[in-house]
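This report describes a protein model together with its bound ligands. The sequence and structure are shown first, and the discussion follows.

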Amino acid sequence: MASHSKEQKNPKYGHLPLSTSGPLETSLTGNALLRTPYFNKGSAFTKEERKIFKLHGLLPQNIQTLDEQVRRAYEQYSERANDLAKNTFMTSMKEQNEVLYYRLIQDHLKEMFSIIYTPTEGDAIQNYSRLFRRPEGCFLNIGDIDRVEDNIAQWGGPDDIDVIVVSDGEQILGIGDQGAGAILISIAKLVIYTLCAGIHPSRTLPVVLDCGTNNKELLDDELYLGLRQPRVRGEKYDEFVSTFVKACKAKYPRAYLHFEDFGLNNARRILDKYQPKIPCFNDDVQGTGCVTLAAIMAAFNVNGVKWADARFVLFGAGTAGTGIADQIQDAIAHETGKSKEEAGRQIWCVDKPGLLLKSKQDQLTPAQIQYARDDSEWQNKEHGDLLSVVKEVKPNVLVGTSTVPGAFTKDIVEEMAKHVERPVIFPLSNPTRLHEANPQDLFDWTNGKVLVATGSPFPPAEYDGKKYEISECNNSVTFPGIGLGAILSRTRLLPASLLVAATKALAATAPAVKGAGAGLLPDVTDVREISVKIAKEVIKASVKEGLAMEKDIPNDDADLEEWIREQMWDARYRPLKLVGEKEATAHGRGEAGTSSYRRAARF
Ligand SMILES: NC(=O)c1ccc[n+]([C@@H]2O[C@H](COP(=O)([O-])OP(=O)(O)OC[C@H]3O[C@@H](n4cnc5c(N)ncnc54)[C@H](O)[C@@H]3O)[C@@H](O)[C@H]2O)c1
Ligand SMILES: O=C(O)C[C@H](O)C(=O)O
Ligand SMILES: [Mg+2]
């Protein structure tokens with residue numbers, strides 16, 4: 001056992017273990033208790049609880065186990081006609097009984113991951129205003145900046161929130177501007193934090209920054225729920241983001257801030273501004289970079305390519321593409337001792353106008369500029385399209401974050417396979433229909449030589465009578481563990497060194513070396529254990545950098561892992577303890593903000 005005590009030593013920054021065992025305290029009874037998803041056990045309330053919490057007459061007589069409830073719920077789920085209907089079923093389940101919701105997913109993780117997350121969540125986001133039944137999360141209005149702090153404050157006291165996921169909805173997956181529907185990406189990412197890293201579900205806060213939308217379909221839709229106006233940009237936008245960040249810092253000083261699916265012109269800029277000031281993370285830039293780098297490391301272990309010689313072509317040099325480029329550049333520099341500038345010369349970025357060139361610098365974003373090539377290298381060489389670049393560069397690795405479906409054509413892939421023995425090809429654009437290539441085609445076009453990973457889940461490919469697992473190279477493999485490490489160490493900042501530690505921890509778990517047919521990255525069913533490993537390395541790196549505010553972190557590796565596991569929330573019913581009656585609040589999170597609810601939520 002880890003040697004920490006359960007007392008709160010320093011209420012502001014010191015030790016506050018996220019214990020997840022023992023009774024939950026609540027003042028709710030009767031219908032109010034049944035309607036509070038965090039406490040509701042439905043038919044699983046025990047005889048004793050039914051008496052104490054005044055539930056007689058409100059439930060059928062038979063008392064059931066969580067397993068029995070899961071069986072029934074799974075039958076209901078299975079009867080839904082399509083993936084989107086399954087997604088909405090799961091949303092209702094979450095609104096009724098949180099433990100049952102998470103247990104149901106945990107027991108059918110492989111099957112349900114794509115329903116509650118990418119790609120089906122993308123469809124739910126596109127249909128947000130049509131499928132809407134009940135609000136969840138915090139909706140901030142750019143027209144009402146003065147209210148931001150009050151709005152944020154509604155989720156409890158300074159110790160009550162561990163992680164905030166925020167999106168402004170401008171670039172949701174590869175489906176563009178989804179306005180207020182972006183609240184669902186914040187919610188989905190938080191579900192993954194809980195599911196994959198045991199982050200306590202009541203200590204999370206999903207937020208959408210509603211800045212308007214430029215999506216004409218939404219603006220024309222009379223049922224659209226967000227601000228019906230063009231996106232606000234410029235100073236007002238920056239003031240909105242900055243007010244939001246300040247409010248988070250003021251109200252929840254211990255919370256870790258995760259930015260998701262911001263537009264190309266804002267994602268990197270916002271990260272660069274806040275990364276030196278608060279513990280924050282941009283999932284599309286950094287999470288994607290970490291998981292892709294780990295997958296490349298795994299691929300190099302299989303095909304024996306050396307970092308010093310490797311050539312990379314990145315197609316779609318936007319938020320994710322340049323995030324990946326940065327991680328690759330750092331890895332080359334670290335592995336070979338080359339300068340960053342030299343390392344960058346092994347990376348070729350292709351975007352809409354073709355290869356990024358220095359002569360076009362004024363059209364490039366600051367994140368792209370460092371990868372722009374000297375025009376002199378390309379005189380008399382074709383560089384306007386991906387095939388020409390592949391012909392010249394002869395890359396070992398080709399990554400797609402372009403949102404252009406089918407962009408990795410047979411010609412391009414065959415050209416790549418002519419020059420390298422085992423091409424590494426990652427079509428990463430989500431959702432599924434936007435992938436640059438289908439993994440089965442990649443196997444067929446390369447005579448089974450390709451090493452592949454994809455942004456969304458795919459079934460195994462088959463070649464020459466053999467099955468090949470297709471690993472999901474999605475930031476969901478990394479961000480939960482990074483968040484867990486950041487939260488438990490209460491890291492003051494999240495600099496690159498902590499992300500390097502996370503990437504190495506993930507790469508060390510790669511199964512591909514174990515034999516042909518295995519994927520490059522671990523399977524989603526192993527993700528909780530992988531999150532422990534990632535969190536452990538993030539925590540150690542935070543301590544090493546002098547950034548950890550948590551004082552009670554065990555030194556010994558085994559103790560540290562145990563300490564992490566102990567604080568991970570798990571979907572099971574805990575005994576309830578009545579502590580003085582009150583009514584539930586309207587927003588359905590229980591008595592958020594009152595001490596009894598919060599005590600209950602933590603202990
Ligand atoms: N697998 C993952 O974990 C993961 C993570 C983040 C993003 N993504 C996916 O990557 C894609 C891009 O996301 P983003 O946030 O970087 O978006 P973005 O808008 O910031 O970047 C997209 C880039 O692709 C370029 N592009 C568009 N059309 C092109 C074309 N015809 N040729 C070449 N380049 C073209 C754009 O100019 C832009 O630079 C999305 O589909 C997203 O779902 C996947
Ligand atoms: O949300 C995902 O599935 C991954 C990534 O953050 C994306 O924007 O595509
Ligand atoms: Mg994203």
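In this predicted model, E462 has 13 other C-beta atoms within 10 Å and is therefore partly exposed. A residue counts as buried only from 20 such neighbours upward, and as exposed at 12 or fewer. E462 belongs to strand β13, which comprises residues 461-463. Its C-alpha atom is separated by 22 Å from that of F300, a residue 162 positions away along the chain.

**Annotated positions**

According to an unreviewed UniProt entry, the annotation "active site" covers Y117 and K189. These positions span 73 residues in sequence, yet their C-alpha atoms are no more than 7.8 Å apart, so they gather at one spot.

Are Y117 and K189 buried or exposed? Y117 has 26 C-beta neighbours inside 10 Å and therefore counts as buried. K189 has 27 C-beta neighbours inside 10 Å, so this residue counts as buried too. Their settings in the chain are not alike in kind: Y117 lies in the loop between α6 (109-116) and α7 (120-126), whereas K189 is placed in helix α10, residues 183-197.

When residues up to four places away in sequence are left out, Y117 touches A188, I192 and S476. With neighbours within four places likewise set aside, K189 is in contact with V165, H258, E260 and D283.

The same kind of record supplies a wider annotation: an unreviewed UniProt entry assigns "domain: Malic enzyme N-terminal" to residues 94-275. This span is 47% helix and 11% strand, and its end C-alpha atoms lie 33 Å apart.

**Ligand surroundings**

Which residues are closest to ligand 1? They are G174, G316, G318, N430 and G455, within a shell of 28 residues. Elements giving two or more residues to this shell are α14 (283-303), α15 (319-336) and β8 (347-351). Of the elements, α15 gives the most, with 3 residues.

Ligand 2 is surrounded by T118, L173, D261, D283, D284, N430, N474 and N475. N430 is thus listed among the closest residues to ligand 1 and is also part of the surroundings of ligand 2. D283, a contact of K189, is likewise found around ligand 2.

The table gives the composition of each shell and of one domain surface.

| Group of residues | Nonpolar | Polar | Charged |
|---|---|---|---|
| Shell around ligand 1 | 10 residues | 15 residues | 3 residues |
| Shell around ligand 2 | 1 residue | 4 residues | 3 residues |
| Side of domain 1 that touches domain 2 | 6 residues | 2 residues | 3 residues |

**Domain arrangement**

The domain assignment gives domain 1 as 24-115 + 573-602 and domain 2 as 283-572. Taken over C-alpha atoms, the centres of domain 1 and domain 2 are separated by 38 Å. How many residues are in contact between domain 1 and domain 2? There are 11 residues of domain 1 in contact with 5 residues of domain 2. On the side of domain 1 that touches domain 2, α5 (98-107) and α6 each supply at least two residues.

**The seven-stranded sheet**

An open sheet of 7 strands has the order β9-β8-β7-β10-β11-β12-β15, with mixed pairing. At its edges are β9 (354-355) and β15 (471-472), each of which pairs on one side only. Strands of a sheet pair through backbone hydrogen bonds, either parallel or antiparallel.

Strand β7 (residues 312-315) pairs with β8 in the parallel sense over 4 bridges. In that pairing, F312 stands opposite I347 in β8. Strand β7 is also joined by 4 bridges to β10 (residues 397-400), and these strands run parallel. The bridge partner of V313 in β10 is L398.

In a regular strand the side chains alternate between the two faces of the sheet. For β7, F312 and L314 are on one side, V313 and F315 are on the other, and all are buried, so both faces of the strand are covered.

Further along the sheet, β11 (residues 424-427) and β12 (residues 451-454) run parallel and are joined by 2 bridges. Here V424 has L451 of β12 as its bridge partner.

How values were computed. Residues numbered from 1 in each chain as written. Chains lettered and ligands numbered in written order. Predicted model: local features only at pLDDT ≥ 70, side-chain atom pairs only at ≥ 80, totals over all residues. Near = placed C-beta within 6 Å. Nonpolar A, V, L, I, M, F, W, Y, C, P; charged D, E, K, R; others polar. UniProt positions renumbered as here; feature names shortened; annotations may be inferred. Contact = placed C-beta atoms within 7 Å. Domains from an automatic or database assignment. Pairing = 2+ DSSP bridges.
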